[in-house]
Amino acid sequence: MHLIFEEDGHFKAGSILSESDATAQVETASGKRSKIKTANILLRFAAPAPTEVMAEAETLTADLDADFLWEAAGADEFSFEALTQEYYGHAPRPAESVALLMKLHTSPIYFHKKGKGRYRPAPAETLAAAKAGLEKKRLLAERQAHLAAELAAFRLPPEYVSLIPRILIAPDKNTLEYKALEDAAAASGLSQLRLIERCGAIPSTLDFHLASFLLEYFPRGTVFAPTSEPLDPPELPKSPVRAFSMDDEATTEIDDALSVEWRDDGSIRVGIHIAAPALGIAPGSELDKLARERLSTVYYPGDKITMLPEALIHHYTLGETHDCPALSLYVDVASDLRVLGTETRLEMVHIADNLRHETLEVLFNDATLRNPDTPDYPYRRELEWLRDFAAVLEAGRGKADTVDRLDYNFKVDGERISIVPRKRGSPIDKVVSELMIFANAHWGGWLAENRIPGIYRAQSGGKTRMTTSPDPHVGLGVDQYAWSSSPLRRYVDLVNQRQLISLVQQTDPVYPPRSEQLFSVVREFELAYDAYNEFQRKLERYWMLRWLQQEGISEATASVIREDLVRFDCLPLVTRAPSVMGNPPGTQVRLAISSLDLLDISFHAELLEVLTPTPAAPPDSDAAVS
């Protein structure tokens, strides 16, 4: 005796070896023996052989029409044997019964299974809806196949124009377009990014990198939502000093300025004046929410995305010829450059001049210091004295820098890039950085002494982190370091300024001890600041490759840092060059440059020649500027 039985949702045929009331021992055509429940047996027959029955049933099933069967079945529940008898009009052969059973089982939108071998026809409206759904799926599948074929042929369908770069960076993987792209990438053997590029959908690699960054960190765009005008500062006492700032020509967020007063007793009073936007941004206001959302200005070659709206920046930047609200730290200095005392004030300061690096550095540099042949320039006496004071402050931190290093300025003019080396530690750098380090360290200590919470930047074990504890910054050689000197550009500085103003005005701090808001600012700022810096480094690397292309450079000299890591001599560019392995750190090498890829921002560097080995330069320290 043979049988058809159901197992794991499939119909199988076999021969009965033995049987009890509840189970049967069967052997399938493959020779596999198993025990099945009698309740799972759907059909018994003596002949022909099970394999013949299943083969013929599959042929017969292909000729059965589900729509006709549905009409023939009526509206009531039925057994497959009954419908088979009615359909064929005679006692069905085993293959005919199995064929109809298979058709019922594989037509779930027409027939709903109700039990062992029993089905109920779907209601007419339910069947119509199911058919519409299937037709929609069929059309979508056809559309997906068409899109995939177009992409695989490197033709971009119109649907994708508005989806780039989102479909590559933050896709909705349930969309038809994404599934088609996935299929096409698999068919072409290319990554999705490279496939889209081959389709001509990335005409500007620069625009693509910028759009990818904005999509992730500025999904609503970089234009500020309309807000109320910033608050005017309260009535403040006016300082008698005339201050000046020093920034590059592109700077609009002028956070800091300096003043120098010569006193009759030979002492000097230095003023470190910081813009005070905290006076115009009420905690929790719309302006505060905008600043909190961005957390920092984003810098990259050729442009920037400011933390604050232009109207507020204009309201509080330390613009020349204006009286500006400022949080001032005055440092009294003896004639021998010892610090005698300090005082913090909230006041209006007259900003006499905004000096620019591009013009000032030509006259105020290491070569011209105290050179009688140097033409006179604005604030010469003040700047030369400040340079000496900065050197004392630097030595006091134990961080006197005797190693010449280069910084590089990136200047983008349309499609051209200039990368100009600039010696780090120039007099301008020394003056600004040392006085800002002094202010940030002093104000951080002042907050800690008065048990006012603040946000600190600490470093130990080579790792730098943001914290609400006044921990040391080993790299700078200070006991604590609270970023407070750039409140127009960094939200933590704005937060710290609010706390400092509460100390000056002797009011309750905006952020009390153990403030959860302060902790959340620390977490959010660190993530955003790291991401913004990574984007800046990425775009700088991009423009360095553009510069190599622009200048037609195919060879360059470099120094081995360690193992296969090298640093270029002509650019602030570090890369891996496996072919230099085995050369000690500091070895000078000549490299061949090839395979520049502006989409991946990558290239290949191959060793051409080992030049005269030189000692390895000491690693860069964690630099701190305003």
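## Reading the sheets, rings and pockets

Author: Let's begin with a packing example: helix 4 (residues 94-105) lies across strand 1, strand 2 and strand 5, and runs at about 165° to strand 5. Helices (H or I, at least four residues) and strands (E, at least two) are DSSP runs numbered from the N terminus. Contact means heavy atoms within 4.5 Å; axes are lines fitted to C-alpha atoms, for helices over the stretch in contact, with angles from 0 to 180 degrees between N-to-C directions. The model is predicted, so to speak of local features takes pLDDT of at least 70 and side-chain atom pairs count only at pLDDT 80 or more, while totals for chains, interfaces and linings use all residues. Residues are numbered from 1 along each chain as its sequence is written, and side-chain values use heavy atoms, with hydrogens and water left out.

Reader: Which other helix lies across strand 1, strand 2 and strand 5?

Author: Helix 1 (residues 50-63) does, running at about 160° to strand 2.

Reader: In what order do the five strands of that open sheet stand?

Author: In general, strands of a sheet pair through backbone hydrogen bonds, either parallel or antiparallel. Here the order is 4-3-2-1-5, with antiparallel pairing; two strands pair if DSSP finds at least two bridges between them. Strand 4 (33-37) and strand 5 (41-45) stand at the edges with a single partner strand each, so one side of each has no neighbour in the sheet. On average, neighbouring strands are turned by 40° against each other, direction ignored. For one pairing to trace, take strand 2 (residues 10-19) and strand 3 (residues 23-28), antiparallel over five bridges. There you will find glycine 14 opposite threonine 28 in strand 3.

Reader: Which strands form the open sheet of three?

Author: That sheet has the order 6-8-7 and antiparallel pairing. Its edge strands are strand 6 (78-79) and strand 7 (111-115), each pairing on one side only. Four bridges link strand 7 to strand 8 (residues 118-121) in the antiparallel sense, and arginine 118 is the bridge partner of glycine 115.

Reader: What stands opposite serine 559 in strand 23?

Author: Glutamine 588 does. Strand 20 (residues 555-562) and strand 23 (residues 588-597) run antiparallel and are joined by five bridges. Serine 559 also has a bridge partner in strand 21, arginine 567. Strand 20 and strand 21 (residues 565-568) pair antiparallel over four bridges and form a hairpin with two residues between them. In its turn, glutamate 563 has a positive phi of about 45°.

Reader: Where does threonine 321, with its positive phi, lie?

Author: Most residues other than glycine have a negative phi, and most peptide bonds are trans. Threonine 321 has a phi near 70° and lies in the loop between helix 11 (310-316) and strand 14 (322-333).

Reader: Which residues does a cis peptide bond join?

Author: One such bond joins alanine 47 and proline 48, with omega about 0°; proline 48 is in the loop between strand 5 and helix 1. Another joins isoleucine 164 and proline 165, with omega about 10°. Proline 165 lies in the loop between helix 5 (124-152) and helix 6 (166-169).

Reader: How many aromatic pairs does a search of the whole structure find?

Author: A pair of aromatic rings is described by the distance of the centres and the angle of the planes. The search finds 21; rings of Phe, Tyr and Trp (its six-membered ring) pair if their centres lie within 6.5 Å, with planes under 30 degrees apart called stacked, over 60 edge-to-face and the rest tilted. Phenylalanine 218 and tyrosine 532 are a stacked pair, at 6.1 Å centre to centre and 25° between the planes. Phenylalanine 218 lies in the loop between helix 9 and strand 9 (238-247) and tyrosine 532 in helix 16 (residues 516-550), so the pair ties together parts 314 residues apart in sequence.

Reader: Which helix gives the most to the lining of the second largest pocket?

Author: Helix 10 does, with three residues. Helix 9 (205-217) and helix 10 (286-294) each supply at least two. The lining divides into eight nonpolar, one polar and four charged residues.

How values were computed: Ala, Val, Leu, Ile, Met, Phe, Trp, Tyr, Cys and Pro count as nonpolar, Asp, Glu, Lys and Arg as charged, and the others, Gly among them, as polar.
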